[in-house]
Structures are given as structure tokens and as C-alpha cells.
Amino acid sequence: MIILSIETSCDETAAAIVRVKGGKVEVLSDIVSSQIKMHSRYGGVVPQLAARAHLRNMVPVLEKAFRKAGVPKNKIDYIAVTKGPGLIPALMIGVNAAKALAFTLDKPLIPVNHLEGHIYANWLFKEESDLYSLKKMKFPVLCLIVSGGHTQLVLMKENMKFKIVGETVDDAVGEAFDKVAKILGLGYPGGPLIEKLAKEGDAGKISLPRPMIGSGDFNFSFSGLKTAVLYASQKAEKIDEKYQRDIAASFQAVALDVLVSKTFKAAKKYKVKNVFLGGGVSANKALRKALKNKFEKELPEVGVAFPPFKFTTDNAFMIAIAGYYHILQDEKIEDWKKLSADMNLRLK
Ligand code: KG4
Ligand code: ZN
């Protein structure tokens, strides 16, 4: 089966073509055109600019994906596209491109939730370059989604069935990384820059609150933490490189502490067999290490695994994988003519 997938929920215009056969996935092409450079000037993603760039890049990205894959257009069996959540003007470009292709090629169109993509990136086991096998999953699975737009703990008892057991009540953790970077006058996206600085900083130097760590539920809050960083920086005598390192380390330690602590408690409560990470912040090595250490020490029977680094930030390959599981469920595929983008799409 050959799947073409399209992703335009935020600031990456992406298309992938994959072949799935006998539990193995071959990446025939995986194209991501990033707009990071353009948005970094503004310190964050500007939705209208993103939409215009998607419109400019969509066809060239699709052309490149087909050229690289060497697959004639009519050999595609399914088209999968990100329906939401995300920036509405951005999502609309991908959804419309997918509808036009479904119409002209007369192929079924599968709407995919962007977060399903981040979750299913964990199902990939690398066999060799561009070849992955799909893990035979033991449920229940708990996935901590940590991206620029979301912080959620998602429980799965079977494939494609999701229950959100906790989520942020304000900012997403990726957003907090980005805002802290902005406060410190660093670039965008802030996550990788904060991680790099934090490596050389002293996490005990600046005292910051651990929001909602003892709240008794699985919800998160990162807005107050970001403000605490702002106040601490305003009080600081000077913001030199040493201060930047220490505050980055202090912020990251506190944020990861809350994420790991709540994930651990939820894993215990729901007696899960596997814990995964999804979304851009899952690229953070300190988070991976902290989560792995906590479970190895205190709950070693739970498997902790992460998506391949390459597929942690937004890409279309993960959308194809989630699309494949939709197809496996033999779901009634929505009439493509009625498909529209949904910026607030929830996992269910
Ligand atoms: O999943 P993603 O690519 O886009 C959304 O769906 O939001 O996530 C982007 C987010 C940004 O906030 C970025 O700062 C964060 O992921 N991020 C990181 C790291 N790499 C990306 N945060 C912390 N550490 C990183 N290494
Ligand atoms: Zn994402």
C-alpha cells in the first residue's frame, strides 16, 4: 500500500510518500520545507505569513516528494492529511491540496489529527536507513505530548482510541521554552537553544516554582513559570551568558520535573505497559533521560521509548503512519468533499 501524506499545521510545509508492506514501512520520500527562518524575525509563528508560505511551497514540496519517490501519481493508494489542530489558515492550505489530489487522482482521503501523528511516531522501529518496522504494541500506552501548542497526557487502551487524562490549563511547555528564550533575547524556536544553554548552567542557582506538581490531577500549568522567569530576569543585576545558562538550566529542570512526575503518577494509576513521548519537545535529551531514569529506578516493568529524533518535530511521515492505522481500523472514511480543517480538533 502506498500512502501520500501532507502536513501544514504550523510552520513546516511537508509531504511524504511511504510504502507499507508486511508490518514494514519504507520511506520513499519525506520532504519538509521549514519556515523557521522567516518567523524567527518575529520571535514566533505569524499565521498569515505561514499560510502564504504554505501556498507558495505546497506544490513544489509535492513535486519533490513524487520525484524523489519515483512513484507515478496514480500509483498512490491513499492520501492522508492533517485536519487539525493547528493554525487555521495554515491547515487549510494542506487540506485543500489533499482534496484537489483526491479529486483528480480519485483516491480515498484520510483526515489525521496532528497529535495522532506525534503519538504514532513512537510505533516506528528503525531497521535500516529509510526502513522501519511497526512495533507490535502492548496496551495500555501512555503518551506525553509536548509540543509548541500542546501538553497532554494521553491514555490508549487500543489502537486509535485516545483518552486525554491530563493537559495544560494555560501555555504548552514548548511555548514556555519559546517564551523563556524570548525573555532572554535568544532566537526562535527557543527549545533547542534553552536545552543547549541549560547543559552548562547551574539548575540550583535560581529558585523557580514547580507549578501544579502536587495538584493531585494530571494537569499542567506553564504560564506562571514563564512569568517567574521574567520577574527573576528583571531583578537580575545583569543578564550575561552565565546568567542565561543558569536560568535556562533552572527553568528546564523545573519544567521537566513537573512533566516527569505527572507522567510517572499517571502511568502508575492506569497501570500502563508503555510510556512514550511525542511532539517537538520530545527532542529534548534531558527530558528523555529524566523520564527513562525515573521509570528504570522506580517502575522498571514499564517500557519507555521515544520517537526517532528525525520525526520529533513536525513532518508528514508521522501523518502517513497515523493514516495507516486509520486505514487498518477499517474506518468509514469521510467523504472528501465534506472535509474541512479544524483548528481545535481533539483526540478521541
Ligand atoms: O511539534 P512541534 O514541531 O510543533 C508543534 O506541533 O507545536 O513542536 C515545536 C516546539 C517548539 O516550541 C520548540 O521550541 C520545541 O518544540 N522544541 C524543543 C526542542 N526542540 C524543539 N523544546 C525543548 N527542547 C528541544 N530540544
Ligand atoms: Zn507538532
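This tour moves from ligand 1 to the zinc ion and then to three points of the backbone.

The model is predicted: local features require pLDDT of at least 70 and side-chain atom pairs pLDDT 80 or more, whereas totals for chains, interfaces and linings use all residues. Residues are numbered from 1 along each chain as its sequence is written, chains are lettered from A and ligands numbered from 1 in the order in which they are written, and side-chain values use heavy atoms, with hydrogens and water left out.

**Ligand 1**

Select ligand 1 and display the residues around it, that is, those with a heavy atom within 4 Å. Of these 20 residues, Gly148, Asp178, Gly191, Glu195 and Gly280 come nearest. By class, the shell has five nonpolar, 12 polar and three charged residues; here Ala, Val, Leu, Ile, Met, Phe, Trp, Tyr, Cys and Pro count as nonpolar, Asp, Glu, Lys and Arg as charged, and the others, including Gly, as polar.

Next, colour the helices, which are DSSP runs of H or I with at least four residues, and the strands, runs of E with at least two, numbered from the N terminus. At least two shell residues come from each of α4 (114-120), α5 (173-183) and α6 (190-199). Helix α6 supplies the largest share, four residues.

Now show polar contacts to the ligand (pairs of N or O atoms within 3.5 Å). An N or O atom in the side chain of Asp178 lies 2.7 Å from an oxygen atom of ligand 1. From the backbone, an N or O atom of Gly174 is 3.1 Å from a ligand oxygen, and a polar atom of Val281 is 3.5 Å from one. Taken alone, ligand 1 exposes 550 Å², of which the protein buries 90% (Shrake-Rupley method, 1.4 Å probe).

**The zinc ion**

Select ligand 2, the zinc ion. Its donors (N, O and S atoms within 2.8 Å; water is not among the atoms, so the site may look incomplete) belong to His114 (NE2), His118 (NE2) and Asp314 (OD), at 2.0 to 2.1 Å. Their spacing in sequence is H-x3-H-x195-D. Both histidines, His114 and His118, lie in helix α4, four residues apart, about one turn of the helix.

**Backbone features**

Move to Pro85, in the loop between β4 (78-84) and α3 (88-105). The peptide bond from Gly84 to Pro85 is cis, with omega near -10°. Then select Pro189, in the loop between α5 and α6, where the bond from Tyr188 is likewise cis, with omega near -10°.

Finish at Asp130, in the loop between β6 (124-128) and β7 (131-134). Although not a glycine, Asp130 has a positive phi of about 65°.

How values were computed: Polar contact = N/O pair within 3.5 Å; in protein donor to acceptor, adjacent residues only side chain to side chain. Donors = N, O, S within 2.8 Å, 3.2 Å for Na, K, Ca; no water.
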